[in-house]
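Here are a few exercises to work through with the viewer open. Try each one before you read its solution.

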Amino acid sequence: MRKLDSIDYAGHGDPMQCLDAYLPDEKGFDTLIYMHGGSLEHGDRNKCQKLLPLVEKNIAVVSPEYRMFPSAKFPEFIEDAAVCVRFVLDHVKEWGGNGRVFVSGGSAGAWLTMMLAMDTHYLENAGVKQSDIAGYISESAQQFAHFAVMNYSGQDGRLERIDETAPIYFVREGMEMRPMFLIWYTNDMWCRPEENRLMKASLERFLPEGGVLDALELTGKHCKPERPEELLAAFEKFIHKEENHEQVQRL
């Protein structure tokens, strides 16, 4: 395994806009961007450690930092995620990748993932088309408005709210959808299983026959599988699923 340390993906010299890349020794690998959780307030790129066994399966793991509350404000963390995706797409072939890039994250990182997938203007502003993304993997995402975004805007973060800060808000007929994998846990945070089941049902309402939407409930707590090997196997299976490499679905 090769490691690239502390790469400035935004070009601003901000340590909160750096990434680490864990690369397979052999070339021709798929690439997974995994954004860490931490309520949009804390956490760091070392949280990707649980996924590093994927490198042995010919999957690079890229783990970025992003600006967070309280120094950042909405939607700067989403914009950082989009710029990071653009940077990885621009450089992954230089690193030895095959060009297929999957966007993922856990908890708050999964919310960032889903916002990029569903509110497409963030990637578009960074110069990324949805067709550039091989697929999205969401681990324990809040599919409604994120509680930290609500708290910092003066709202009660305990509320379940659907607005333009909620991934599920953007489900609509005619939207472009890349292959997507929703994962949550049996003993997850409050309302996470219910929100993800509703997101799954909402997407399936418009998904054409044969569309690529996978979902999995794993035994465990929030982003902590009881059997970590099951999470790794689920990631690997989805990433290496052949139809995910080329297919674009339209709802």
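**Exercise 1.** Does arginine 45 count as buried or exposed, and at what relative accessibility? Then work out what surrounds the residue.

*Solution.* Keep in mind that this is a predicted model, so every value here is computed from predicted coordinates.

Step 1: place the residue. Arginine 45 sits in the loop between β3 (29-35) and β4 (59-64).

Step 2: apply the cut-off. Buried means under 20% relative accessible area. Arginine 45 has 13% relative accessibility, so it counts as buried.

Step 3: look for a polar partner. The side chain of arginine 45 makes a polar contact of 3.0 Å with the side chain of glutamate 65.

Step 4: list the surroundings. Leaving out residues up to four places away in sequence, arginine 45 touches Ser6, Pro15, Cys18, Leu19, Asp20, His36, Ser63, Pro64 and Glu65.

**Exercise 2.** Which strands pair with β4, and in what sense? Check the burial of β4 as well.

*Solution.* Step 1: take β2 (residues 18-23). This strand pairs with β4 in the antiparallel sense, over four bridges. One position to click on is alanine 21, whose bridge partner in β4 is valine 62.

Step 2: take β3. Here β3 and β4 run parallel, joined by four bridges. Aspartate 30 stands opposite isoleucine 59 in β4.

Step 3: count the covered positions. Six of the six residues of β4 are buried.

Step 4: split them by face. Ile59, Val61 and Ser63 are buried on one side, and Ala60, Val62 and Pro64 are buried on the other.

**Exercise 3.** Take valine 101 and methionine 114: what is the relative accessibility of valine 101, and what is that of methionine 114? Find their contacts too.

*Solution.* Step 1: start with valine 101, in strand β5 (residues 97-106). Its relative accessibility is 0%, so valine 101 counts as buried.

Step 2: go along the chain to glycine 135. Valine 101 and glycine 135 are 34 residues apart in sequence, with 7.3 Å between their C-alpha atoms. Beyond four places in sequence, the contacts of valine 101 are Thr31, Ile33, Val88, Leu89, Val92, Ile133, Ala134 and Gly135.

Step 3: repeat for methionine 114, in helix α2. Methionine 114 is also at 0% relative accessibility, and therefore counts as buried. Its C-alpha is 8.5 Å from that of isoleucine 137, 23 residues away along the chain.

Step 4: read off the contacts of methionine 114. Outside four places in sequence, they include Ser138, Ala141, Met180, Leu182 and Met199.

Step 5: follow Met199 into helix α5 (residues 192-206). Met199 is one of the buried residues of α5, along with Arg192, Pro193, Glu195, Asn196, Ser202 and Leu203. Among the elements that cover the buried residues of α5 are α2 (108-118), β6 (135-139) and β9 (213-221).

Step 6: check the length of α5. The helix has 15 residues and reaches 22 Å from first C-alpha to last, close to the expected 21 Å.

**Exercise 4.** How many aromatic pairs does a search of the whole structure find? Describe one of them.

*Solution.* Step 1: the search finds nine aromatic pairs. One of them, phenylalanine 102 with phenylalanine 238, is edge-to-face, at 6.1 Å centre to centre and 70 degrees between the planes.

Step 2: see what the pair links. Phenylalanine 102 is in strand β5 and phenylalanine 238 is in helix α6 (residues 228-239), 136 residues apart. Both phenylalanine 102 and phenylalanine 238 are buried.

Step 3: look for a cluster. Ring pairs link Phe69, Phe74, Phe77, Trp111 and Tyr152.

**Exercise 5.** Which peptide bonds here are cis, and where do you find a positive phi outside glycine?

*Solution.* Step 1: check omega. The bond from phenylalanine 69 to proline 70 is cis, with omega near 0 degrees. Phenylalanine 74 and proline 75 are also joined by a cis bond, at about 5 degrees.

Step 2: locate the prolines. Proline 70 is in the loop between β4 and α1 (76-95), and proline 75 is in the loop between β4 and α1 as well.

Step 3: check phi. Serine 107, in the loop between β5 and α2, has a positive phi of about 60 degrees. Cysteine 223, in the loop between β9 and β10 (224-225), has phi near 55 degrees.

Step 4: finish with burial. Serine 107 is at 12% relative accessibility, so it counts as buried. Cysteine 223 is buried too, with a relative accessible area of 15%.

Definitions and conventions
Residues numbered from 1 in each chain as written. Predicted model: local features only at pLDDT ≥ 70, side-chain atom pairs only at ≥ 80, totals over all residues. Heavy atoms only, no water. Helix = DSSP H or I, 4+ residues; strand = E, 2+ residues; numbered from the N terminus. Buried < 20%, exposed > 50% of the residue type's maximum accessible area, 1.4 Å probe, protein only. Polar contact = N/O pair within 3.5 Å; in protein donor to acceptor, adjacent residues only side chain to side chain. Contact = heavy atoms within 4.5 Å. Expected span 1.5 Å × (residues − 1). Phe/Tyr/Trp six-rings, centres within 6.5 Å; stacked < 30°, edge-to-face > 60°. Pairing = 2+ DSSP bridges.
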